[in-house]
Structure formats: structure tokens, C-alpha cells
Amino acid sequence: MQLAIPGGRAASSCARRGAIHGAFPPALAHRAAGRQRPVAGRGPPPPRARNEEEPDWDREMSIFKERTMRPNQLATLRELESKVSVGRLLWHSDGLAVVSGINSDAPLGTQLAFVSGASGVLLWHRSDNLAFVLVTGGGALLREGEAAECKIKGVLQVVDEAKGPITKKDYELMQAPTGDELWGRVVDFLGRPLPGFDPKTPPPAAGAAAAAAAAAAGAGGGQGASLDEDDAPAAGAGGGAAGPFVGFDKTRPLVNQQVAMKAREQIAESLSTGVKALDILTPLGRGASLLIIGPPGAGKSAAGLDALLGQAGPGGVRAVYASTSQDGAALAAAVETLDHGGVLQNTAVFAAPPGADAGAKLATLFAAAAAGERIRDEGGHALVVMDDISPLLRCWEALVLALAGLGAPLLRQGLIKDEEGRDVVLSPANEQELVDYEGMLVSGAAAQRRGFFSTLFMRAAKMNRTRGGGSMSLLPLVPGRPATGSKQGVDMSKYQTLSEEQKARMAAVLAQREKLEAAVVGPELPTEAVEEFMSISDGQLVLEAGGAAAGRYAANPRLSITRIGSRAYPRVLEDLAPQIRLQLAQADDARRFAGAAADSLIARDDARCRRIAEALRQPPGAPAPLEEQVVMLYAMQHGYADGVAPDEVSAWMARAVQFARQVAPRALREVAETRTLTAAAEKGIANALAALTSHQAAGGGAGGGGGGGGAGGAR
């Protein structure tokens, strides 16, 4: 193995000049120091004392030769450091692998080479001895027990703050394509366009379709699927899923390290998405990771696509979309939605082909994050929507289950480490011992899982000004339900008046209902995993069940929160939006506990909150610009919609926005451009809404400018 040793030429030239530290004998060093050039105006240096003895030049030269002929310590360290630990493949399946014995100092994302010719990337260090690996090519060639090793670029000499000058390996990281050519394309995680989905790639012929799909699902073969910058083809190459690659003119590591805290900046800028419930209840700050949670059919995919459609304006946000669990028809429909919405050219779509294994789905999520990081690191702003976060959990569970199959001792390895970072040998008696993880006492297994999840979530960041001030925001979609604490089993003993036969029939009905619910909940993630994702992210928007069937998705205001706070609101919403979530949550509590004893004040507040909740419902494919949200909130907060029935609020709001655009266009344009509500803009919106209500009260429609907007409306 030939090593690239930076600084080696300079070190050898210094050795030839005798400049190695400690090589000169004292007499030679003293004599060299005594040869000073005369300084102009100061005369020659003073003569040497007469009694000074002449040095023994033969002896001094022998000392010099003896010291320079010793083995070079730095060269010896480099030789030792260049040796690579050869690991062994213990298990592999579905694009994942467990390897033992590879270099424990290799960073996540390091490329691995197997003897069979397969390739992989380091996902996680389970312990000093065990590692989880993502297979990126040649999975069919793998055989258990074969050797594997990390790829190394060379050996570097660096200065450690604590240890001083040291030598360390420079590992080769697997690179993901992030070039500008990806925007407007549909590719897999290796940058290969997907025929039938990519608009610039013609569909494959009937006979080649199956072969192309199989090649895409297998992520190529041999080492060719694991690319670095030297292997990548020239930018602009087209082709099918098994053909040439695109986007490799710029790259980022597929599995990247978390951004250091000193490189981050507090999240204090808003990122408008056009999803009303998201922008008003749980605003997304630039650099934040915010989940969209809901059971199947809640409308999560529609909300994610609407967030991308909301970037069609001049906001300067580049969009990235990762599709991992959609079938061919759903993926084609999503691409068509982006194209018709005018944002496909501003969106890079990474998709796992139908039938892809678990490893390819996880790599798709990582590739989308890498594309967003490139925009962020160059000072831009990126929004990454991940259609389904499930592969992150599914892959972890598969790898841990594989360890369990390999034996309990391996399953316990690496769960707890001592103060020096070494693995502690555990027994069944102490395997559940708690450890401190980010201020929480959790089991070692839970700490490992949270750390693995964080490798994706913590890639979202807002960089400080010295790093360009860019940001990458994440919107992962989570199929599941958070814990509500409201579901309780039925206590049959409370039904004293029922006969035993009636109780048995009721229990059978309840059991059948639970069985049907379990059948529907099949694709959902466990509540425990959903709660763990929530604790790592910066907040969540929880959608109600049945939104897709109803044609409008709706949020649960009690369960939807943001940990960024009001800093993530644009200025125009700082005074209008923060109270909405509180009002809706209080109305829900009053509705549940007040019962029939509710007075007129509670009933009035309940009616207003029902109108607000109805106004927040949103049909798919219709993102609401910021100025429309301002008109809606202003109408709600100032009572202009109090006379509208809750089931008619959505239609009334559409007419109100249209009327405001007609009679107060300058006010809405000012809100959109400045993202603030000036006195002139507020007066224009107020006059337009007042004119609308008076016009409707007089029996007129919402069309035309018939009520007049006053001077403010003209402005």
C-alpha cells in the first residue's frame, strides 16, 4: 500500500541540511551561532578570546553522523500508523452488515473494502470491536467470515491540543453527489438517474426495464458502486439507473459528522413553508429539524410536498426531497406535483427505487442530507423533506437483532464505557445499568440508539457568520402517533348492571376493534420510537387521522410544539400567531371538561376556536403564502369572521383573501416583500375586511370592489 505522507519531502530536505532537532553537536551549534554577519554601522564582531580551545572536529563529526544515522522517529510512527486492521464479516442482509475488528478510530462514513469486491460505508461503532456497515455495492458477493478493511488516504502529522504533535490516519470517506446538476433531476443515492421518473432520462425499453430496476435495487455491483471523487464520471453524463452518474462535480460525505457547537449559530430566522398549521402553530426556523407526525392517511406526504411548493417564490431556499417508501405510482405523482407547481427545477429528488433494500433506503436519506449540507456550507439555505424516516429505525433494529442472533456477549459489547472510553465487560446481571447521555440517565442500549439517530437529525444546523451563515432545515415525516396518555382499557367490573353474557359480548366487540386498529396501524412506528424522535428534534407538527380521505389535512394543536419558540416566527406573525395554539389547546380542554355547564363566554370562545381550527385545515397542493396567512389571522383575531359558521370558514377565507388582493394589493405586496405589518399595510387589510363584511351584510357577494376599501385599500 503506497501512502501519501504530506510533508515528507520537506522533512527529508531538512534532514539533508542537518536541521533535525538535536542533530548538531554543541560545538558545531555554538560555532554556527557565532558566525554573525556584520551589521552596517556597528563594525565587525569582537574577536574570539585567545584562551578558547580549538574544537576536536573529528570527534564532533562522529557525534553528528551517529545522531543522523539513528532511525527517524517520525518515519517509524508513520509506518506503524499506516497499518490497517483487517476485520471480519460476521453478518449481512438487506444492504446491512456487522463487521468485527476494523479500526476503532475510523470516523463514521469511512469506506470499507471487502475481499469479495463488495464495498460499504461505516455507519456506527457499536464497540471498540464491532461496527455496523451500510453495504453500498456488491452485496450479492458477500460471504460471512471474509475480510474487510477501512480505506486510508494517507498518514498525517497534526498538532493535538492536549498531546502535541501526533500522527493519525486520514481515512477515505464515501462521497455523495451534491452538484448543481442534481436540481431538477430524480436520482438514487449514487447519483444515477431513475428512468421513468427523471424528466431528462427516457423510459427504458420494455425488455430492459426489469434489468434496470434490479440494478438500481442492488446499488450496482462490485467496487464500482462505492465512489470517491476520482472515480466519479464527468458532470453532465446522462443514463439510466444503472448508467452514468450525475452531480459529482461537487460532493459531500454520505455519512457526515455533526456540526460542532462553536460553528453553529442560534436559530433566529424563519423559513416559511406555506403549510398554515406549520407556519402558525410550530414555525420552522432555518437550521431546525421539525417532524411531521401522523398515522397513515393523515396527509403527511401532502404537507411535505406543500412545504416544497412553498419555496417557489424568491426566498432563495433550495429544496431537496427524499423518497424512500413510495411505490412507483406515488413517486411519479410526487414528481408531477413538483413539476406542475413550478419547483422541480429548484428541487433535487433522491429516491430509493421500488424494491430497494433497507440499506439503499437509509442511504437515500443520507444522500439528501448531504445535498442540503453542500448548500448550507456555501452560505445558502436548504430545506430537506424526508418522505419517511422509518428506514433509520428499521435498519437499527435489524442490526441489533443480528447481534442478538450472533450471541448475547456480542449484544452487550460497547453498551457502557469507562472514564477512558474503553468498553466495560457486562454480564446479564448488569447489562441494564444506566449511563449518563446528554444529561439523561438511560440504558446503554438506549444511549446507543439515540446516538445513532442523532447522526441524521443533528446534521441540520444554522452556521455562524464566520462559516458563511448558511442553514439546512429538516422536515422528516414520521408514520406513527405520539403518546397522548388518553387511551385506557375498559374496566368491565364497572358495569354492574350488565349480565355476564353482555360483558362477554362487549369484550368481544372491543377485542375485534383493537384487532382492526392493529391491522390499520401496520406501517406505523412504535410510540416509543416516535417519542424518541420527538426528543431529539426541535419540535413536531402532529396531524389528525383521516386528513387524506377528507381532502384536507389538519393539525392537533395540543400535541404540536416547537422548541425554538417565537424566534422562528417572521416579524409579521410575532403578534398574530403565538396565541393561536394556546387558544386552541384551552378550548379543547374546556370542551372536554366543561360539558353541559358551559356558559355563554365559553361557548363563544369555543365557536371562535372551531373557526380557527377549520381555517387551518388545508387542501393538498395549495400552499398559503405569508400574506394570505396574515389576512386569515387578522380576520380571526379582530372578529371579522365571527358571524361565519365553522363549516363555511374555509370558503369565506378564500373569498376574503381574493377580495383583499383586489382592493388592497399594495398592502399584501408590502407584507410579502418586507415580512412585516406596517401601519399602512394593516390599515389596508382592515379596510378590505371591513368592506367585505359590510358588503356581505348588505346581501352582496365577495367579488368586485363594491364595498370600497377606503384610502388604505387604495394604498
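Ala-680 is found in helix H21. In this predicted model, Ala-680 has a relative accessibility of 36% and therefore counts as partly exposed, since that class lies between the buried limit of under 20% and the exposed limit of over 50%. The C-alpha atom of Ala-680 lies 9.3 Å from that of Glu-670, a residue ten places away along the chain.

The segment before H21 can be considered next. Helix H20 comprises residues 665-674, and Ala-667, Leu-668 and Val-671 are buried within it. Viewed down the axis of H20, these buried residues fall within an arc of 95 degrees, so they line one face of the helix. The general geometry of helices gives the background: an α-helix has 3.6 residues a turn, so residues three or four places apart point the same way. The cover over the buried residues of H20 includes helix H18 (626-637), helix H19 (649-663) and helix H21 (679-697). Helix H21, which contains Ala-680, is thus among the elements that cover H20.

The link from H20 to H21 holds a backbone feature. Arg-675 comes just after H20 and is placed in the loop between H20 and H21. The phi angle of Arg-675 is near 55 degrees, a positive value in a residue other than glycine. With a relative accessible area of 27%, Arg-675 is partly exposed.

A second residue with this kind of backbone angle occurs between two strands. Asp-94 is not a glycine, yet its phi is positive, at about 55 degrees. Asp-94 belongs to the loop between strand S1 (87-93) and strand S2 (96-100). The relative accessibility of Asp-94 is 43%, and Asp-94 therefore counts as partly exposed.

The packing of one pair of helices can be described in detail. Two packed helices are described by the angle between their axes and the distance between the axes. For helix H10 (residues 390-406) and helix H12 (residues 444-457), the axes come within 11 Å and cross at roughly 145 degrees. The crossing in which H10 passes H12 is right-handed. On the H10 side, the contact is made by Leu-392, Leu-393 and Trp-396. On the H12 side, Gln-448, Arg-449, Phe-452, Phe-453, Leu-456 and Phe-457 take part. Sorted by class, the residues of this contact are seven nonpolar, one polar and one charged.

Three glycines illustrate how residues separated in sequence are placed in space. Gly-328 is found in helix H8, which spans residues 328-340. At 22% relative accessibility, Gly-328 counts as partly exposed, because the buried class requires a value under 20%. Leaving aside neighbours within four places in sequence, Gly-328 is in contact with Phe-197 and Pro-354. The C-alpha atoms of Gly-328 and Gly-355 are separated by 9.7 Å, although the two residues are 27 places apart along the chain.

Gly-196 provides a further pairing with Gly-328. The two are 132 residues apart in sequence, and their C-alpha atoms are 9.0 Å apart in space. Gly-196 is placed in the loop between strand S10 (186-187) and helix H5 (206-217). Its relative accessibility is 48%, so Gly-196 also counts as partly exposed.

These local features can be set against the protein as a whole. The protein contains 22 helices and 21 strands. Of its 715 residues, 46% are buried. Among contacts between residues at least 6 apart in sequence, 73% join residues at least 24 apart. The contact of Gly-328 with Phe-197 is one example of such a pairing. The protein exposes about 33900 Å², and carbon and sulfur atoms supply 53% of that area.

Definitions and conventions:
Residues numbered from 1 in each chain as written. Predicted model: local features only at pLDDT ≥ 70, side-chain atom pairs only at ≥ 80, totals over all residues. Heavy atoms only, no water. Helix = DSSP H or I, 4+ residues; strand = E, 2+ residues; numbered from the N terminus. Buried < 20%, exposed > 50% of the residue type's maximum accessible area, 1.4 Å probe, protein only. Contact = heavy atoms within 4.5 Å. Areas by Shrake-Rupley, 256 points an atom, 1.4 Å probe, with all protein chains shown as cover. Arc of directions from axis to C-beta. Axes fitted to C-alpha atoms, helices over the stretch in contact; angles between N-to-C directions. Left-handed = near helix turned anticlockwise from the far one by under 90°. Nonpolar A, V, L, I, M, F, W, Y, C, P; charged D, E, K, R; others polar.
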